[in-house]
Amino acid sequence: MTPAINLLEKQGVQFQILKFEHEPSQHGFANEAAEKLGLIAEQVFKTLLVEVDGVLNVAILPATRQVDLKAFAKACKGKKAIMADAKKAQTATGYLIGGISPFAQKKRLNTLLHSDAKKFGKIYVSAGKRGLEVEVAPEDLVRLCNAQFRPF
């Protein structure tokens, strides 16, 4: 099991694990998960790391969206946002790109969950490994990750 799944179990959160065979040539990991698992892409959320004024933050947003960096910086009460490089993201979270889970990251970072998550009773996020997703309630994600709903 991954640290993310271990945390969900330890906290008594209701969740479901979904597995699929990841294609190494694929780089749109959340879209691949939606397609291979037969899920609504808007309900599958990707976990990205964004630097705001030099500080790492976690952005969790639907597979169908791109981070609006200006809006994300504003939501973090900052001025400038850029996508974090892969090495920084992997070091801070302890997960590989394409398998970054919002749960049980190495460092606790400011975390924003896109407001679109409120539309769903359950959303899908990475379970900490490529080809592994978990279905969770957005409210559980917010609670466990100390996240905030924000439009970005």
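The legends below describe close-up views of a predicted model.

**View 1. Largest pocket and its lining.**
The largest pocket of the predicted model has a volume of about 420 Å³. Its lining is made of 27 residues, and those closest to the pocket centre are F29, K46, T47, L48 and G98. Three elements, α2 (29-37), β2 (45-52) and α4 (86-93), each supply at least two lining residues. The element that gives the most is β2, with five residues. By residue class, the lining of the largest pocket divides into 13 nonpolar, nine polar and five charged residues.

**View 2. Helix α1 and the elements packed over it.**
Helix α1 spans residues 3-10, and its buried residues are A4, I5 and L8. Seen down the axis of α1, these buried residues fall within an arc of 95°, so they line one face of the helix. The cover over the buried residues of α1 includes three strands, β1 (16-19), β6 (123-129) and β7 (132-136), together with helix α5 (138-145). After α1 comes G12, which has a positive phi, near 70°.

**View 3. Helix α2 and residue A34.**
The buried residues of α2 are F29, A30, E32, A33 and A34. Strands β2 and β7 are among the elements that cover them. Of the buried residues of α2, F29 is also one of those closest to the centre of the largest pocket. A34, placed in helix α2, has a relative accessibility of 5% and counts as buried. Not counting residues up to four places away in sequence, A34 touches L39, A41 and V44. A34 is also paired in space with a residue remote in sequence: Y124 is 90 residues away along the chain, with a C-alpha to C-alpha separation of 8.9 Å. G38 follows α2 and has a positive phi, near 70°.

**View 4. Helix α5 and the residue that follows it.**
Helix α5 is mostly covered, with six of its eight residues buried. These are P138, D140, L141, V142, L144 and C145. What covers the buried residues of α5 includes helix α1 and the strands β3, β5, β6, β7 and β8. The cover between the two helices is listed in both directions, since α5 is likewise among the elements over the buried residues of α1. N146 follows α5 and has a positive phi, near 50°.

**View 5. Cysteines C76 and C145.**
A search of the whole structure finds zero disulfides. The assignment requires two cysteine sulfur atoms within 2.5 Å. For C76, the closest cysteine sulfur is that of C145, 15 Å away, which is too far for a bond. The search from C145 leads back to C76, again at 15 Å and too far for a bond. Both side chains belong to buried residues: C76 has a relative accessibility of 19%, and C145 has a relative accessible area of 6%. Buried here means under 20%, and C76, at 19%, falls within that class. C145 is also one of the buried residues of α5.

**View 6. Loop residues D53 and A104 with positive phi.**
D53 is found in the loop between β2 and β3 (55-62). Its phi is near 50°, a positive value in a residue other than glycine. D53 is partly exposed, with a relative accessible area of 46%. A104 lies in another part of the chain, the loop between α4 and β5 (110-114). The phi of A104 is near 60°, likewise positive in a residue other than glycine. A104 is partly exposed too, with a relative accessible area of 30%.

**View 7. P151 and its contacts from elsewhere in the chain.**
P151 lies in the segment after β8 (148-150). With a relative accessible area of 58%, P151 is exposed. Leaving aside neighbours within four places in sequence, P151 is in contact with A71, H114 and S115. One of these, H114, falls within β5, which covers residues 110-114. The C-alpha atoms of P151 and D68 are separated by 9.1 Å, although the two residues are 83 apart along the chain.

Conventions. Residues numbered from 1 in each chain as written. Predicted model: local features only at pLDDT ≥ 70, side-chain atom pairs only at ≥ 80, totals over all residues. Heavy atoms only, no water. Buried < 20%, exposed > 50% of the residue type's maximum accessible area, 1.4 Å probe, protein only. 1 Å grid on protein atoms, 1.4 Å probe; cavity = no way out; pocket = protein on both sides within 12 Å on 5 of 7 lines; lining within 4 Å. Points joined across faces, edges and corners; volume = space filled by probe spheres on them. Helix = DSSP H or I, 4+ residues; strand = E, 2+ residues; numbered from the N terminus. Nonpolar A, V, L, I, M, F, W, Y, C, P; charged D, E, K, R; others polar. Arc of directions from axis to C-beta. Contact = heavy atoms within 4.5 Å.
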